[in-house]
Amino acid sequence: MAAVVLAATRLLRGPGSWGGARLRFGAPACRQFSSGGAYPSIPLSSPLPGVPTPVFATVDGQEKFETKITTLDNGLRVASQNKFGQFCTSTDRFDSKDEILLTLEKHGGICDCQTSRDTTMYAVSADSKGLDTVVGLLADVVLHPRLTDEELEMTRMAVQFELEDLNMRPDPEPLLTEMIHEAAYRGNTVGLHRFCPTENVAKIDREVLHSYLRNYYTPDRMVLAAVGVEHSHLVECARKYLLGTRPAWGSGKAVDVDRSVAQYTGGIVKLERDMSNVSLGPAPFPELTHIMIGLESCSFLEGDFIPFAVLNMMMGGGGSFSAGGPGKGMFTRLYLNVLNRHHWMYNATSYHHSYEDTGLLCIHASADPRQVREMVEIITKEFILMAGTVDEVELERAKTQLMSMLMMNLESRPVIFEDVGRQVLATCSRKLPQELCALIRNVKPEDIKRVASQMLRRKPAVAALGDLTDLPTYEHVQAALSSKDGRLPRTHRLFR
Amino acid sequence: MLPDCLSAEGERRCRRLLEGATARLRARPAAAAVLVPLCSVRGVPALLYTLRSSRLAGRHKGDVSFPGGKCDPADQDVVHTALRETREELGLAVPEEHVWGILQPVHDRGKAPVVPVLASVGPLDPQNLRPNREEVDEVFALPLAHLLQAQNQGYTHFCQGGCFRYTLPVFLHGPHRVWGLTAVITEFTLQLLAPGAYQPRLASPVLPRG
């Protein structure tokens, strides 16, 4: 089928795009391969006659092509992955302005920049003929940012807006994620806030940005990744634009690079807030208290990462008002054991954050403030059950779900190059999807039990937001997670 | 340089260096004391660590640490506390003559100091020890050579209230990660035993003096 798609796009681009078979433009040519009338029945598994052999799209559909990686003299890594089609996407580390957009327009391109806790990505998607321009553009944008006062002022306003929006929205998830990281990694590395605190926004200026760029935007911390291009061509462009150029912030040596190892400490972070009126529109939103309980898992470089990913999938969960349906995780543990049985729970979702030297598996739950204690106990019980028996059917379902999610995401080109970029940045190599699927298939119930027991031995991290009057103490949560059944210690209360 | 630290000459040198601190700190009351056991595992000099039981309550459950604990009123001095706790936790009886001295005390976030006591426990095999399961989940040894390799060393900067506070060392790639106060005590030990071979990481502009 891929071969047919390729042929169709070539057809639409007009005649003369290749030598060889001369197919007429327009309807008659298409009809040659369409159904109906007399036509040769060609099975999908054999190539079409009279069509040039496609280079990157093969009939068996397996991604056979390895990711090619080259390291330049200055430490910059260049990686490329072959994929059919005319579009190439490349990422480095970056900012958009009108001239950039105009240049890209000539090549049918779009650009984007995203930051996460441990990486920043600058991405450009454009026609593959424009590879040279695109790499030049990225290099210019990464190494020579102008950072005018006007741009900085606008960015400051955007950051302020983002902070206000964060505190106003009914969905607390980004805020809770920050809080759980702060609780789990007190005062260090990934525990530091991702969103700039209000008091610091005004202090950031060109000098501050330049000193950050000088230390962290060094070639050995960068990867140029592309999908859908010839590797040698990419390396050539990289050499031309990224090797030996002097960046805008000068060639001072990077002195203050923070190579801190992330240290999991565990702990609790509470934010008392009146959530009775968070609805942004006329319809009322129920008052909820949100808690997140997390435990240290492992980094994505370790072998135990895959069992943790499967465990996370097995726990699953989501909102109680989900429409459900196939593939939505309706048979995961948090739905079956928690949301289906306790109708007062609004939300129970499992998350797994994983970084180069550490990882965090957490469960987010929300309910009415008067039922915080029961909610916490239900979640601690679920944690304890993770280290218990794992049903074979449940495990197979989680594994299949994980593999299909992986494959579906990798069908999209921007996701492929993000994957290539991240993996090469962390490990200087890339595991192909088939290898990952093989690793997922090998996960056994004993692996799940082992990683869950290991996880439960560590101190928990707790984040709580909303009306916290009935929240159990951190020591009680810790005791519950070390007990056999996950129950909170009994407290004697006179009034209930 | 490394094999020397277990020799008689190395021992004399360390005892001499620690004499002053030992005399000063021995009788001073402290919150807790730990024993830093310098042992020899199959001929290789190593430090012995414990993994605290996850069944313990309190802030340090499940952490890697040295054998030790709170000072009891019945203990004569900090050395006595360290040796008693080691006997209770690991079943290892270390005679007082094997204690080389007292290292710099460390502070557990503003609380009263924890005093490390360095002793040589001779050749032993961690597998043969019978630790008390209620307090200790696991006992393991890390060779000094492993601790002195740069690729096994790391550091973490800690911030509080938006500014940098202190840096702590961390030792990686062993059976368990050694961090926190235990890593700080390990650092002091390495500086003593192998001077010049170890680049210290601990940095604290505002840590109170002990």
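I take a salt bridge to be a side-chain nitrogen of Lys or Arg within 4 Å of a carboxyl oxygen of Asp or Glu. The model is predicted, so I note that local features need pLDDT of at least 70 and side-chain atom pairs pLDDT 80 or more, while totals for chains, interfaces and linings use all residues. Residues are numbered from 1 along each chain as its sequence is written, chains are lettered from A and ligands numbered from 1 in the order in which they are written, and side-chain values use heavy atoms, with hydrogens and water left out.

**Entry 1: salt bridges**

I looked up B:R84 and found its side chain in a salt bridge with that of B:E88, at 3.2 Å from N to O. The two residues stand four apart in helix α2 (residues 78-90) of chain B, which means that about one helical turn separates them. Helices here are DSSP runs of H or I with at least four residues, strands are runs of E with at least two, and both are numbered from the N terminus. An α-helix has 3.6 residues a turn, so residues three or four places apart point the same way.

I then checked accessibility, where buried means under 20% relative accessible area, exposed over 50%, and partly exposed in between (1.4 Å probe, protein chains only). B:R84 is buried at 14%, whereas B:E88 is partly exposed at 40%. I also recorded that a network of salt bridges links B:D75, B:R84, B:E85 and B:E88.

In chain A, I found a salt bridge between A:E377 and A:R490, at 3.9 Å from N to O. This pair joins distant parts of the chain, 113 residues apart: A:E377 lies in helix α12 (residues 372-386) and A:R490 in the segment after α17 (474-482). A:E377 is buried at 13% relative accessibility, and A:R490 is exposed at 54%. A further salt bridge joins A:D368 to A:R370, with the closest N and O atoms 2.9 Å apart; A:R370 is exposed at 67%. Over all chains I noted 19 salt bridges.

**Entry 2: aromatic pairs**

I counted rings of Phe, Tyr and Trp (its six-membered ring) as paired if their centres lie within 6.5 Å; planes under 30 degrees apart are stacked, over 60 edge-to-face, and the rest tilted. The count over all chains is four aromatic pairs. The rings of B:Y49 and B:F66 have centres 4.8 Å apart and planes at 25°, so I list the pair as stacked. B:Y49 is in strand β2 (residues 44-52) of chain B and B:F66 in the loop between β3 (64-65) and β4 (68-70), so the pair ties together parts 17 residues apart in sequence. B:Y49 is buried at 0%, and B:F66 is buried at 3%. The rings of B:F158 and B:Y166 are also stacked, with centres 5.2 Å apart and planes at 20°. B:F158 is buried at 6%, but B:Y166 is partly exposed at 23%. I recorded one aromatic cluster of B:Y49, B:F66 and B:F140.

**Entry 3: helix α4 of chain A**

I compared the span of helix α4 (residues 131-143) of chain A with expectation, which is 1.5 Å times one less than its number of residues. For its 13 residues the expected span is 18 Å, and the end C-alpha atoms are 18 Å apart, which agrees. I found 10 of the 13 residues of α4(A) buried, including A:L131, A:G136 and A:L143.
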